Amino acid sequence: MDSAENQEVLLDRRSDAIAVVRINRPKVRNALNMPVRRRLAEIFESFVDDTALRCVVLTGDETSFAAGADIQDMAEISAVDMYLRHNERLWEAVGRCPQPVIAAVNGFALGGGLELAMHADIIVAGRSAKLGQPEVRVGIMPGAGGTQRLTRAIGKFKAMRLCLTGEIIDAEEAFAMGLVSKLVADEAVFDTAMAMAEQMAKLPPIALAQIKEVILYGQDASLGAALALERKALQVLFATSDKNEGMRAFLEKRAPNYTGA
């Protein structure tokens, strides 16, 4: 990948504990072409074995998180070409990131952009943000989780409405639906996400990873299986040094120092 393509997704390591991943294609509202998807996958794959990293903030700019797939990029390709891209493998790199991922959303999060945000664990959105799955308006449908993650997030009937009409909703309605974790003023989106990341960076990373894993894998399991998964994860945490440190600090009325062990 050449240097120009590298500049379309920027990795800013604010500290050992916090990484900011920023989509940087402002002229096309951060539309997601193949180089951007590959670069996102490359960056998120590099986080898997990064034991110092505690939290990731994924964002765009003040006008767009990501306004969907790059239509110019897809207009002339065939079904076989689309299959051979294996976009699902690129998206999986974001979804399986072991650290908590916060999507900081300003402006448009449409189509693939909303699907990308839904691969995060927490969505912080500005009040002027616009969200939706408008793929049907150009003759296709969501293909990176827009029918499945959306249904799990907001329920069948709201997901049907958004996917079948292509309607774009504002952040207030998305928050009311349960699609947005926290709604803030537009100018406060990134700072709010960073404050949340800094808060999580001080918490025990193994506990954070276990919480994330149990919520993600438990949501599609039976209640009994999910509760068993939860119990086993809790039991594992009793073997960590951070559990001992956290409880000692609580009893000694001091701030804990978690090491990730």
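Q: What covers the buried residues of helix α8?
A: This is a predicted model: local features need pLDDT of at least 70 and side-chain atom pairs pLDDT 80 or more, while totals for chains, interfaces and linings use all residues. Residues are numbered from 1 along each chain as its sequence is written, and side-chain values use heavy atoms, leaving out hydrogens and water. Helices (H or I, at least four residues) and strands (E, at least two) are DSSP runs numbered from the N terminus, and contact means heavy atoms within 4.5 Å. The cover of the buried residues includes α7 (148-154), β9 (168-170) and α9 (171-177).

Q: Which residues of α8 are buried, and within what arc do they fall?
A: Buried means under 20% relative accessible area, exposed over 50%, partly exposed in between (1.4 Å probe, protein chains only). In α8 (residues 156-165), the buried residues are A159, L162 and C163. They line one face of the helix, because their directions from the helix axis to the C-beta atoms fall within an arc of 90 degrees.

Q: Which residues are exposed on the other side of α8?
A: The helix also has a side away from its buried residues. Exposed there are F157 and L164.

Q: Which helix gives the most to the largest nonpolar core?
A: A nonpolar core is a set of buried Ala, Val, Leu, Ile, Met, Phe, Trp, Tyr and Cys residues joined through side-chain atoms within 4.5 Å. The largest has 48 residues, and among those touching the most other members are V21, F44 and L131. With six residues, the main contributor is helix α2 (residues 34-46).

Q: Is I23 buried or exposed?
A: I23 lies in strand β2 (residues 18-23). Its relative accessibility is 1%, so I23 counts as buried.
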